[in-house]
Amino acid sequence: MKNLVAEIREYLMEHHDWFSKSIPLIASENITSHAVDEACNTDFSHRYAEGWSGERVYAGCKYIDKVEDICMNLANKYFKSIHADVRPISGVVANLTMYNALTSDNNGKMCCMSIIRGGHISHGPRFAKSGREIFGTAGTTRGLNIEYLAFDNDEMNLDIDASAKIIREFEPELVLFGGSVFLFPHPVKELGDVAKEVGAYVGYDAAHVAGLIGSGYFQDPLREGADVMTLSTHKTLPGPQHGTLVSNREDLIDRLRSCAFPALLSNHHLHNVAGLAIAYAEMLEFGKEYHKKVIDNAKALGQALNERGLKILMEHKGFTKSHQILVDVAEYEKSIGLGGDIEKLLESSNIILNRNLLPRDLIEGRHYQNPGGLRIGTSEVTRLGMGKSEMVDIAEMIKKVVIDKKDPKKVKEEVIEFRKGFQEIHYCFDTSNKAYEYLKFY
Ligand SMILES: *Cc1c(COP(=O)(O)O)cnc(C)c1O
């Protein structure tokens with residue numbers, strides 16, 4: 001067993017070493033500051049604190065309550081909400097809490113974006129159903145009936161008129177906006193009005209774009225008509241892996257609270273609540289600057305790749321208004337392969353990004369395992385201090401692999417050299433902190 005422990009440690013070290021020499025471009029990922037890591041590695045991780053702050057089921061919670069109160073206050077300040085539940089242990093748990101609170105137990109009905117258009121697995125009927133069956137102890141034992149909103153492939157956004165028709169005909173209880181492939185703000189105002197016409201609640205899944213929203217960019221769902229907004233805390237928001245649910249509906253607070261606990265949670269990973277409180281503090285201080293740069297970098301990377309001959313979607317709209325861009329790689333099918341193949345090639349060059357299904361794949365019959373697209377995000381490289389000129393460097397390295405068909409091992413050497421200049425985490429209070437240094441403390 002001792003050998004296995006050494007082996008695990010070895011893998012962790014190697015992983016850190018690899019990532020410290022790579023360009024991290026996965027759109028759903030980010031990196032936390034040392035202050036956040038430190039909080040996540042405290043005794044809070046050993047403790048239980050079921051229930052709401054001040055009303056715990058366990059003893060020993062007096063400092064835990066203080067930290068959780070700060071976390072809720074900071075989340076409310078960041079999102080300009082009156083109710084912030086920082087207990088959901090992930091974005092999915094926050095979504096399930098929202099479903100349980102806002103749809104009925106029997107044959108509840110929801111409209112949302114389909115998964116193949118960029119919705120999340122937790123928006124799928126099978127997941128929403130099994131999620132409720134497995135976890136739904138708040139009297140929710142039945143699945144959701146889901147009708148997908150209409151999507152406009154040319155605009156890479158929801159089709160307002162066609163979606164309005166679907167909402168009016170289907171009469172859902174909840175209309176959910178947001179998704180995982182998310183270039184442009186969703187028409188929350190326009191379709192939210194239609195939702196209210198049929199008596200539906202409006203939800204917004206901000207898992208990907210929470211940081212952009214909190215810092216005042218992208219869109220402002222709670223002011224555009226959303227009753228509830230859910231999020232992951234580790235994508236554009238650079239916190240530990242966790243979730244949050246926010247709302248401005250005073251009349252819904254009790255229901256939302258009780259649909260989280262006792263329903264989908266027992267303990268809620270208190271160390272991550274502590275780390276999250278620090279991440280909210282960091283973003284209240286540095287988020288305006290950081291998230292502007294994230295979006296500027298996404299546009300700049302789109303532009304630089306486009307100029308080098310890669311096909312970036314939505315050029316006529318400036319590629320994106322978020323932290324993501326999408327690349328159409330179908331034309332390389334006969335040379336180096338499709339999205340899955342290119343993902344592997346780039347990975348062997350230490351450029352980490354992921355394949356993505358594009359609307360064109362659906363028409364041409366390609367599978368999500370090896371689709372015709374790539375999704376690239378700029379949250380993490382921005383946090384490592386990169387700006388527009390580095391986006392040009394990254395585009396050049398990607399071009400060498402994809403278009404010039406250079407040996408990935410050669411490009412990898414270039415990536416390693418490039419990354420040497422970007423080893424510190426920015427937009428946080430502890431300014432000189434090296435990424436991936438944790439294990440050196442052991
Ligand atoms: C990532 C994501 C989630 C939830 O992810 P967790 O891993 O559970 O935090 C939910 N919705 C969308 C749209 C996402 O992209």
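Contact here means heavy atoms within 4.5 Å, and helices (H or I, at least four residues) and strands (E, at least two) are DSSP runs numbered from the N terminus. The model is predicted, so local features need pLDDT of at least 70 and side-chain atom pairs count only at pLDDT 80 or more, while totals for chains, interfaces and linings use all residues. Residues are numbered from 1 along each chain as its sequence is written, and side-chain values use heavy atoms, with hydrogens and water left out.

Start with the whole protein, which has 16 helices and 15 strands. Its radius of gyration (taken over C-alpha atoms) is 22 Å, close to the 22 Å that the globule rule, 2.2 Å times the number of residues to the power 0.38, gives for 442 residues, so the protein is as compact as a globular protein of that length. Along the principal axes, the C-alpha atoms fill a box of roughly 60 × 55 × 45 Å. Buried residues, meaning those under 20% relative accessible area (exposed is over 50%, partly exposed in between; 1.4 Å probe, protein chains only), make up 58% of the 442. Of the contacts between residues at least 6 apart in sequence, 75% join residues at least 24 apart.

On the outside, the accessible surface (Shrake-Rupley method, 1.4 Å probe; for residues, only the protein chains shown count as cover) comes to about 18600 Å², and 52% of that belongs to carbon and sulfur atoms. As for charge, Lys and Arg count as positive and Asp and Glu as negative, with His and the chain ends not counted. Each charge is placed at NZ of Lys, CZ of Arg, CG of Asp or CD of Glu. On that basis there are 52 positive and 61 negative charges, and their mean positions are 2 Å apart.

Two helices show how the packing works out. In helix H7 (residues 188-197), the buried residues are Val-188, Leu-191, Gly-192, Val-194 and Ala-195. Seen down the axis of H7, they fall within an arc of 160°, so they line one face of the helix; the arc is that of the directions from the helix axis to the C-beta atoms. An α-helix has 3.6 residues a turn, so residues three or four places apart point the same way. The cover over the buried residues of H7 includes strands E6 (157-158), E7 (174-177) and E8 (201-205), along with helices H6 (160-170) and H9 (221-224). Just after H7 comes Gly-199, with a positive phi of about 80°.

Helix H10 (residues 253-260) buries Ile-253, Leu-256, Cys-259 and Ala-260. Down the axis of H10, the buried residues fall within an arc of 135°, so they line one face of this helix too. They pack against helix H4 (91-102) and strands E2 (83-85), E9 (228-232) and E10 (243-247). In the loop between H10 and helix H11 (270-307) sits Pro-262, which is joined to Phe-261 by a cis peptide bond with omega at about 0°.

Some single residues also deserve a look. Ala-39, in helix H2 (residues 34-40), is buried at a relative accessible area of 9%. Leaving aside residues up to four places away in sequence, Ala-39 touches His-271, Ala-274, Gly-275 and Ile-278. Ala-39 and Ala-274 are 235 residues apart in sequence, yet 5.7 Å apart in space, C-alpha to C-alpha. Asn-76, in helix H3 (residues 62-79), is buried as well, with a relative accessible area of 16%. With the same sequence neighbours left out, Asn-76 touches Ser-81, Ile-82, His-83 and Ala-84.

Lys-299 lies in helix H11 and is partly exposed, with a relative accessible area of 31%. Beyond residues up to four places away, Lys-299 touches Gly-318, Phe-319, Thr-320 and Lys-321. Its C-alpha atom is separated by 8.5 Å from that of Gln-324, 25 residues apart along the chain. Phe-319 itself is in the loop between strands E11 (311-312) and E12 (324-328). Although not a glycine, Phe-319 has a positive phi of about 75°, and it counts as buried at 3% relative accessibility. Asn-350, in the loop between helix H12 (339-347) and strand E13 (351-352), has a positive phi of about 65° although it is not a glycine. Asn-350 is buried, with a relative accessible area of 3%.
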